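Q: Could you take me through a close look at one part of this protein, the place where two of its helices pack together? I would also like to hear about a few backbone details elsewhere.

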Amino acid sequence: MRTLCINLKTPQESSSAEAFLLLSPRVQFRFPQFIFVDIESTAHLLGGEKPLLIKALEIARNFSADPSVAIADSAAAAQMLAKWRPSYIATRGKEQESFKGLGLDALKDLEGLHPWAQKRPVEHMISFFHTLGVYGLEDVLNFRLNSLRERWGDFGVLLWNRLHSQDVQVISPLIPRDPLVGYGYLDDPLGVVPLLMNRIKPHLDILFARLNGLSRYAQRMELILHCEYSDKKHSLCIEPVSPTRDQELFTDLLEKKMSLMTLENPIREFEISIFDVPEKVQQLDFFEPRDNTEDRWRRLISFAKQAQCDMGFLQMEASHFPEQSFSLVTDWPEDFKASDLVERQDDALQIKTVYAKGLSGSPRPSLLLDKPQPLTPAEAGRLRFVSALPSERIESSWWQISVQDLKNRDYYFALSHQGQLLWVFKDRINSQVYLHGYFD
């Protein structure tokens, strides 16, 4: 069994192990700062043990500034190497070769999932070996099992087994149970948003690292800021248009919302909660890149929503009346696929990626006025109609209730004096000319 050990070097919550589910489903946390990962069946998914080790370090830096990792055949040796030979990968089946050059103090870290019950027996053993003139860890390998058993009993047997990769420690699959919450207490209360964001960001890094490991999406994030001089608290809610794992998006939205606050009463503590939902799309590969055009669109529309701006996709509808022929949708349409547009100029070709290519062939413009604009006779006279006959005639149904709702229109293509292609109609009842849209 190949085992990866991550030494985060600072005490952590057991939930930190969830972030490493990206590497394997078999992950186990050991108090106070160790995480063990069974990579026997998943290392090839990252291209081998070295890329996996680099990925583990990248994830670990969300929790610690200076983590260390190592890979070995046993969990005990992996922990020891993570401390004494950081980023070391022991050769499969030749774990003992990595012990060369290590002192006997390394025995204190030869633990794995089950730490030494007490350090004192290990220290006594080290002192005894020193009296024999043994100072290197590889020299201890020459002692027989019976010799260690006679001298130290079960403890000697356990030590021999760990030195010879015989202490089997099974890493069970991790079943996440902890909520995605974070808490921070500030010894020095802060009333400046940039400084406060700097203190909040490490907690966001941890939460989103866990979210990524769980392969979940964040639907909503809530931040509660507790003031120092009163029971007053500020509650902020960040909810993008659709669930996402884009930490940068949540951070930017939170920072913009906090910039509108006046923190006259400094903040003493804060709470962060992330409400997660399952992935909507099944991944085709274990480590498939997740950033795509659709994600970038959701990021853009989330900013627009927070700024109270309406934006989205114009989707054509099967409607008789132009006012109802397009609808604004914010969700990424499933049939909204890119296609190549080939432009020819002389002997040159240029290929462009075009979205919603169907709109270019629509007989109606995509830029419609909310309400048709009446044109004065002088304005209508300056237009140059493309044809004398209307391109489209629209009449209301006979069951229209009121006369005011009647629509009897003849639509024309017309050019303005600036060269814009306009869509205008003439009311067949009162001959009034209206501007209704622009062709882009």
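A: Happy to help: what follows is a walk through a helix pair, then a covered helix and some loops. Please keep in mind that this is a predicted model.

Let's begin with the pair you asked about. Helix α3 spans residues 120-131 and helix α5 spans residues 145-152; their axes lie 13 Å apart and make an angle of about 120°. Angles from 65 to 115 degrees would count as roughly perpendicular and those over 145 as roughly antiparallel, so α3 and α5 are oblique to each other. Their crossing is right-handed. On the α3 side, the residues in contact are Met-125, Phe-128 and Phe-129, and they meet Leu-148, Arg-151 and Trp-152 of α5. By class, this contact between α3 and α5 has 5 nonpolar residues, 1 charged residue and no polar ones.

Now for helix α2, residues 75-84. This helix is mostly covered, with 8 of its 10 residues buried. Among the buried residues of α2 are Gln-79, Met-80 and Leu-81.

The loops hold a few backbone details too. Between β2 (27-30) and β3 (34-38) sits Pro-32, and the peptide bond leading from Phe-31 to Pro-32 is cis, with omega near 5°. Lys-9, in the loop between β1 (3-7) and β2, is not a glycine, yet has a positive phi of about 70°. The relative accessible area of Lys-9 is 41%, which makes this residue partly exposed. Ser-431, in the loop between β18 (421-427) and β19 (433-438), also is not a glycine and has a positive phi, of about 60°. With 51% relative accessibility, Ser-431 counts as exposed.

Notes. Residues are numbered from 1 along each chain as its sequence is written. This is a predicted model: local features need pLDDT of at least 70, side-chain atom pairs count only at pLDDT 80 or more; totals for chains, interfaces and linings use all residues. Side-chain values use heavy atoms; hydrogens and water are left out. Axes are lines fitted to C-alpha atoms, for helices over the stretch in contact, and angles run from 0 to 180 degrees between N-to-C directions. Helices (H or I, at least four residues) and strands (E, at least two) are DSSP runs, numbered from the N terminus. Angles under 35 degrees count as roughly parallel, over 145 as roughly antiparallel, 65 to 115 as roughly perpendicular and the rest as oblique. A crossing is left-handed if the near helix is turned anticlockwise from the far one by less than a right angle, and right-handed if clockwise. Contact means heavy atoms within 4.5 Å. Ala, Val, Leu, Ile, Met, Phe, Trp, Tyr, Cys and Pro count as nonpolar, Asp, Glu, Lys and Arg as charged, and the others, Gly among them, as polar. Buried means under 20% relative accessible area, exposed over 50%, partly exposed in between (1.4 Å probe, protein chains only).
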